[in-house]
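Here's a quick tour for anyone opening this one up for the first time. Take a look, then read on.

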Number of protein chains: 2
Amino acid sequence: MAERTEIDNFSIDCVIFGFDEGVLKALFIKRNTEPGFGQMSLPGGFVYLDEDLDAAPMRRLYDLTGLTDIYMKQVGTFGKLDRYPLRRVITVVYYALVRVSDYSMQIGPDASELHWISVKKIPKLAFDHKELFSAALAKLQEQVHIDPIFLKLLPKEFSLSDLQDVYEAITMETFDKRNFRKRMLSLGVFLDTGRKQKNVSHRAARLYRFNRKAYKKMLKRGQMFVI
Amino acid sequence: MAERTEIDNFSIDCVIFGFDEGVLKALFIKRNTEPGFGQMSLPGGFVYLDEDLDAAPMRRLYDLTGLTDIYMKQVGTFGKLDRYPLRRVITVVYYALVRVSDYSMQIGPDASELHWISVKKIPKLAFDHKELFSAALAKLQEQVHIDPIFLKLLPKEFSLSDLQDVYEAITMETFDKRNFRKRMLSLGVFLDTGRKQKNVSHRAARLYRFNRKAYKKMLKRGQMFVI
DNA sequence: TCAAAAGTGTTGTCGCTACACCCATGT
DNA sequence: ACATGGGTGTAGCGACAACACTTTTGA
């Protein structure tokens with residue numbers, strides 16, 4: 001591949017959220033270069049001069065994990081003078097949502113170690129990455145009421161308990177099971193597949209599928225995923 | 001003033017909202033340089049290398065209008081390759097809220113003309129500024145339910161009708177007068193000053209003032225300005 | 001038979017909506 | 001006296017919160 005020019009005072013950082021066994025996690029890199037050697041940080045990188053801004057985080061995520069077609073959303077842009085020690089760098093933060101089960105680990109050249117870490121147990125991060133991460137989490141918590149975010153975190157077929165687990169993990173609240181189900185089913189966007197869970201050591205749950213057409217109608221009715 | 005280095009592929013643009021006689025307006029510049037000569041555009045400019053990102057739109061607004069201490073909020077960052085004809089420029093959009101009555105016109109060197117234009121009658125704009133403007137308006141429409149935005153648009157003392165006018169102008173909806181007042185007064189954050197309008201050719205309205213302490217309590221109760 | 005999670009209805013309360021007329025003031 | 005906006009109350013309905021037990025399945 002030919003060398004491409006980077007805009008070297010302009011970067012992107014990604015907060016990659018995944019959902020794993022009822023826990024909301026994010027993907028971090030242990031830095032193996034200075035500055036910040038040995039510290040955890042968000043995966044990020046510079047933007048190429050001949051690359052759309054929104055393409056940069058996608059490319060970075062692909063290099064890191066091999067995943068494509070990932071849902072990404074811009075969180076905000078951070079540009080304090082001292083946020084990066086070597087020089088002045090403005091960064092745009094994105095969050096991504098991935099199914100951890102789809103995820104295939106591919107360690108790129110500048111990522112010595114990748115770690116999924118629970119959002120409730122975030123360690124000290126390099127530079128101002130804690131602030132970037134918090135902004136992304138706050139944005140996700142806003143969006144969960146507006147968009148069908150669970151779609152990007154759950155498999156195609158899922159139980160209502162899975163759904164509730166996602167909502168509880170993101171909002172950090174707990175909900176009454178009956179009220180939650182009533183509310184979700186009343187939206188009319190979940191289709192009972194007739195199938196059930198297999199190989200579970202308890203009563204098997206019904207599996208549902210999201211119905212996009214019904215979702216469009218729901219939006220026209222002005223309904224949301226607010227709980 | 002000493003010359004400062006600009007980051008020349010990185011700019012900010014401002015959508016400056018004002019409220020004037022019941023109409024929500026935004027401030028535009030008629031460009032007097034190429035590219036886009038003669039077209040309306042958002043006030044914007046480059047970021048200095050030794051300047052915090054968030055300081056840049058404040059500086060630009062000050063140069064343009066002489067106003068300081070203005071409420072500003074980041075809308076988003078736009079970075080398509082072809083968005084600016086001369087070269088690759090990534091731009092961060094901010095919106096600002098000003099009281100048109102406070103506003104003192106000061107035309108800077110690269111602004112041949114400034115115009116307040118109703119958000120319902122936006123003309124063709126230079127480059128991708130229509131998209132930037134629309135994003136800012138959408139953000140404002142979200143925020144109006146969350147933050148006491150009217151404070152930045154109205155004088156210190158205002159009538160409930162003024163308040164309703166602001167909400168209707170921003171949301172582009174109309175509300176029942178009785179329900180609107182009931183709702184707003186029930187929040188307990190508006191203090192009757194005992195004063196009334198002067199020199200109006202109809203019954204004078206009571207003037208209210210916003211109570212910040214009561215507002216903090218309201219937030220703790222989890223209430224919002226949703227209508 | 002036990003453990004673990006799935007699944008299921010009702011009732012009360014509170015908040016929202018809809019709706020129409022009289023009042024104060026300046027011209 | 002008239003035009004203009006200011007100011008007020010109620011009733012019905014619908015949405016949400018609170019709440020506990022039975023069912024299914026595999027180990």
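## Where the DNA sits

Two helices share the work here: helix H5 (177–186) of chain A and helix H5 (177–186) of chain B each supply at least two residues of the surface near DNA strand C. Keep in mind that this is a predicted model.

There are 20 residues around DNA strand C, and the ones that come nearest are Ser161(A), Lys177(A), Lys182(A), Arg206(A) and Val200(B). On the DNA side, sugar and phosphate make up 44% of the atoms of strand C that come within 4 Å of the protein. As for the make-up of the protein surface near strand C, 11 of its residues are charged, five are polar and four are nonpolar.

## Reaching the bases

Chain B has some side chains worth zooming in on. A side-chain N or O atom of Lys182(B) is 3.2 Å from a base nitrogen of DNA strand C. For Arg178(B) the corresponding distance to a base nitrogen is 3.3 Å, and for Asp176(B) it is 3.4 Å.

## Two domains in chain A

Chain A splits into domain 1 (6–143) and domain 2 (154–220). Each of these two domains puts nine residues into the contact. Their centres, taken over C-alpha atoms, are 29 Å apart.

Together the two domains of chain A bury about 770 Å², with 70% of that on carbon and sulfur atoms. Phe19(A), Arg99(A) and Gln141(A) supply 59% of the area domain 1 buries against domain 2, more than any other three residues. The count of salt bridges across this interface is zero, while two residue pairs are in polar contact.

Notes
Residues are numbered from 1 along each chain as its sequence is written. Chains are lettered from A and ligands numbered from 1 in the order in which they are written. This is a predicted model: local features need pLDDT of at least 70, side-chain atom pairs count only at pLDDT 80 or more; totals for chains, interfaces and linings use all residues. Side-chain values use heavy atoms; hydrogens and water are left out. A residue is near a molecule or strand if one of its heavy atoms lies within 4 Å of it. A polar contact is a pair of N or O atoms within 3.5 Å; within protein, one must be able to donate a hydrogen and the other to accept it, and residues adjacent in sequence count only if both atoms are side-chain atoms. Helices (H or I, at least four residues) and strands (E, at least two) are DSSP runs, numbered from the N terminus. Ala, Val, Leu, Ile, Met, Phe, Trp, Tyr, Cys and Pro count as nonpolar, Asp, Glu, Lys and Arg as charged, and the others, Gly among them, as polar. Domain bounds come from an automatic or database domain assignment. Contact means heavy atoms within 4.5 Å. Buried area is the accessible area (1.4 Å probe) that two parts lose on being put together, summed over both. A salt bridge is a side-chain nitrogen of Lys or Arg within 4 Å of a carboxyl oxygen of Asp or Glu.
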